[in-house]
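Trainee: Please take one buried side chain in this model and look at it closely, then work outward to the parts around it.

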Amino acid sequence: MKPTTLFAIAGLSAIGAGAQAQSGPSDLPLEGLFFLGAPVPDGAVQIGQQLYAENCASCHGVNLEGQPDWRRRLDTGRMPAPPHDVSGHTWHHSDRALFLTTRGGVGAVVPGYESDMPAFEGILTDDEIVAVLAYIKSTWPEQQRTIQAEITASDPGR
């Protein structure tokens, strides 16, 4: 299933409605923030921040900084969790690749690759995964968001 079918662009409606109850009347798109070309409601970012803290921060860092020495293999031969801030490579990947990696683990995008990254399918809903990714993207400077949007637009699997 392609991520575009997950929230049907108008989507994130369940997240937007939940965020509206938590954050006030605004579920208008956060200016300049998109997922698969669709504007992301700012309520999704707030929910994504909470979900990131609960599910991702223990490995990727409270401030998205990743694990120490994240470019050097661990004794297990696996790579540490990379940062999701601008210093890492997350913004070098398309929305589709980020979604599939989060949902199915790294092996979903790179078959056979062994990683400590768990698959979040069955733990987070597809909309919640999108919200986490929207939160991560919301922390990047405009230049990185623009580059990442171009990568997403040119993704042949989109």
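**A residue in the last helix**

Mentor: Q148 is found in helix α7. Helices here are DSSP runs of H or I with at least four residues, strands are runs of E with at least two, and both are numbered from the N terminus. The model is predicted, so local features need pLDDT of at least 70 and side-chain atom pairs count only at pLDDT 80 or more, while totals for chains, interfaces and linings use all residues. Residues are numbered from 1 along each chain as its sequence is written, and side-chain values use heavy atoms, with hydrogens and water left out.

Q148 counts as buried because its relative accessible area is 1%; the cut-offs are under 20% for buried, over 50% for exposed and partly exposed in between, with a 1.4 Å probe and protein chains only. Setting aside residues up to four places away in sequence, Q148 touches W91, H93, S94, D95, L98, K137 and W140. A contact means heavy atoms within 4.5 Å.

The helix that holds Q148 also borders a pocket. α7 spans 142–153, and together with β1 it makes up the elements that give two or more residues to the lining of the second largest pocket. From α7 come seven lining residues, the most from any element. There are 15 lining residues in total, and G32, F34, R145, T146 and A149 lie nearest the centre. A pocket is found on a 1 Å grid over the protein atoms alone, as an open set of points where a 1.4 Å probe fits, with protein on both sides within 12 Å along at least five of seven lines; lining residues have an atom within 4 Å of a point. The space in this second largest pocket is about 220 Å³, a volume being the space filled by probe spheres set on the points, which are joined across faces, edges and corners. By class, its lining divides into five nonpolar, five polar and five charged residues. Ala, Val, Leu, Ile, Met, Phe, Trp, Tyr, Cys and Pro count as nonpolar, Asp, Glu, Lys and Arg as charged, and the others, Gly among them, as polar.

L98, one of the residues that Q148 touches, leads toward the core. L133 is in contact with L98, and also with F35, F99 and T102, leaving aside neighbours within four places in sequence. In the largest nonpolar core, which has 26 residues, L133 is among those that touch the most other members, along with F35, V40, Y52, V132 and I136. At least two residues of this core come from each of β1 (29–35), α3 (42–55), α5 (95–104) and α6 (126–138). The contribution of α6 is the greatest, at eight residues. A nonpolar core is a set of buried Ala, Val, Leu, Ile, Met, Phe, Trp, Tyr and Cys residues joined through side-chain atoms within 4.5 Å.

Core elements turn up again at the largest pocket. About 780 Å³ of space lies in it, and 33 residues line it, with H60, P82, T101, V106 and M117 nearest its centre. α4 (57–60), α5 and α6 are the elements that give two or more residues to that lining. The most come from α5, which gives four. The lining has 20 nonpolar, eleven polar and two charged residues.

Two loops complete the close view. L36 sits in the loop between β1 and β2 (38–41). Its phi is near 50°, a positive value in a residue other than glycine, and L36 counts as buried because its relative accessibility is 4%. D116 lies in the loop between α5 and α6 and counts as partly exposed because its relative accessibility is 47%. D116 is in contact with L74 and R78, neighbours within four places in sequence left aside.

For the chain as a whole, there are seven helices and two strands, running α-α-β-β-α-α-α-α-α from the N terminus on. Of its 158 residues, 40% count as buried. Among contacts with a separation of 6 or more, 57% join residues 24 or more positions apart.
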